Amino acid sequence: MVVVDMATRIHPKVRVFTIDTGRLPEETHQMMETVRHRYGIPVEVVFPETSEVESMIASHGPNLFYREVALRKLCCHVRKVRPLERKLATLSAWVVGLRRSQTQSRAEIAKVESRDGVVKISPLADWSRQDVEDYIQRHDVPVHPLYAKGFPSIGCGPCTRATFDCEDERAGRWWWEQDTEKECGIHIAPNGQVIRQVDALLAEIRPAAS
Ligand code: SF4
């Protein structure tokens, strides 16, 4: 939300988009309404391909992500990565709120980088969590209802829990997984073994999806 607040101060009609994976908590939809009313801008919502979701669930069930890492990555790929890739193909640049202090896997993120001809800007890369909270207080930025309930990082409902103060900010994401990067594949490439497994699983669901 800090990035949205900053961007609307620079350009009141800035475009804001989000991905509705189909498994978001109700509070995230409330947040979309809050953004629309507070900033007077539409929120562009990108959805996964229906046929891919249907095929994945027919093959692996609705809660496949709890069974193994490769199936969780498949779900993230179908519900998040592919819709994002589709959206980014229409854009020349986008701005995100990633911070280096959120987790070890984000420690090296650059403020500006380019991939596949699309510039990705992370203006908060060197901000601490306290910097974020100070900005929110100073500018009365609306916060996600779950943030106040101990969710410092909020994703899909079944894959997110609240964290303890002593935990990493991303510890509540896919909390049942041990020793895996807490990323969905959008920001960090998964290790070779998992990516090969995901590729194979994708190939299985694609014939039905095409
Ligand atoms: S966070 Fe969970 S429900 Fe959401 S796309 Fe990833 S695995 Fe699927």
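In this predicted model, the shell around the ligand, taken as residues with a heavy atom within 4 Å of the molecule, consists of Arg-23, Phe-65, Arg-72, Cys-75, Cys-76, Arg-79, Lys-80, Cys-156, Cys-159 and Trp-174. By class, six of these residues are nonpolar, four are charged and none is polar, where Ala, Val, Leu, Ile, Met, Phe, Trp, Tyr, Cys and Pro count as nonpolar, Asp, Glu, Lys and Arg as charged, and the others, Gly among them, as polar. The ligand sits in the largest cavity, in the sense that more than half of its atoms lie within 2 Å of the grid points, a cavity being a set of points, on a 1 Å grid over the protein atoms alone, where a 1.4 Å probe fits but cannot get out.

Residues are numbered from 1 along each chain as its sequence is written. Local features need pLDDT of at least 70 and side-chain atom pairs pLDDT 80 or more, whereas totals for chains, interfaces and linings use all residues, and side-chain values use heavy atoms, without hydrogens and water.

Strand 1 (residues 16–19) and strand 2 (residues 43–46) run parallel and are joined by four bridges (strands are DSSP runs of E with at least two residues, helices runs of H or I with at least four; two strands pair if DSSP finds at least two bridges between them). Phe-17 has Glu-44 as its bridge partner, while Thr-18 stands opposite Val-45.

A separate open sheet of three strands has the order 3-5-4 with mixed pairing, and its edge strands, strand 3 (93–95) and strand 4 (112–115), each pair on one side only.

Conventions: On a 1 Å grid over the protein atoms alone, a cavity is a set of points where a 1.4 Å probe fits but cannot get out, and a pocket is an open set with protein on both sides within 12 Å along at least five of seven lines; lining residues have an atom within 4 Å of a point.
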